[in-house]
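Colleague: Before the discussion begins, may the model be displayed? I should like to ask how certain terms are justified.

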Amino acid sequence: MDFPKGLKYNSEHIWVKVGGDNALIGITDHAQDQLGDIIYVDLPEVGYELEQNESFGTIESAKSVSELYAPVGGHVISINESLKDEPELVNEEPYDSGWLLKVKLTNEDELNNLMEQSQYEEYLKSSE
């Protein structure tokens, strides 16, 4: 499993990559592995206001449908349009072309509620 440093993680297996006051959001390698082959991703529209820990969409695999929970609050400024035709990008490159959405952060302090890479790895070990 791959868990890049420099990202923040929530307990729902979603990562955040911060750049200035924007954040790129996606699911972790662990999450995509657990879900299996992704066949559909339902994301909010540009302009949607995320609130930390609220559901903002779903991800569907051959096995199940799972809710996606916002790691941070923010204003959705873009969604990964490629996932409409190629949802498998989430499986192939969860930290690269398989990203889900980009938000303008509304409260950077919310990042303090997330885990660093080493904490996330410990979290996974303790929940096995």
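The following exchange concerns a predicted model, with a strand, its partners and a pocket as topics.

Colleague: Why is strand β6 described as largely enclosed by the rest of the structure?

Modeller: A residue counts as buried when its relative accessible area is under 20%. In β6, which covers residues 55–61, 5 of the 7 residues are buried, so the strand is largely enclosed by the rest of the structure.

Colleague: What makes β4 and β6 a pair of strands?

Modeller: Two strands pair if there are at least two bridges between them. Strand β4 (residues 38–42) is joined to β6 by 4 bridges, and the two run antiparallel; therefore they pair. Within this arrangement, valine 41 stands opposite isoleucine 59 in β6.

Colleague: How do you know that β6 also pairs with β7?

Modeller: The requirement is again at least two bridges. Between β6 and β7 there are 5 bridges, with the strands antiparallel, so they too count as a pair. Threonine 58 stands opposite glutamate 67 in β7. These two strands form a hairpin, with 3 residues between them.

Colleague: What makes Ile59 and Glu67 lining residues of the largest pocket?

Modeller: A lining residue has an atom within 4 Å of a point of the pocket. Ile59 and Glu67 are among the residues that line the largest pocket, so each has such an atom. The space in this pocket is about 160 Å³. Helix α1 gives the largest share of its lining, 4 residues.

Colleague: How do the lining residues divide by character?

Modeller: The lining of the largest pocket has 6 nonpolar, 4 polar and 2 charged residues. Glu counts as charged, and Glu12 and Glu67 are in the lining; therefore both belong to the charged group.

How values were computed:
Residues numbered from 1 in each chain as written. Predicted model: local features only at pLDDT ≥ 70, side-chain atom pairs only at ≥ 80, totals over all residues. Heavy atoms only, no water. 1 Å grid on protein atoms, 1.4 Å probe; cavity = no way out; pocket = protein on both sides within 12 Å on 5 of 7 lines; lining within 4 Å. Points joined across faces, edges and corners; volume = space filled by probe spheres on them. Buried < 20%, exposed > 50% of the residue type's maximum accessible area, 1.4 Å probe, protein only.
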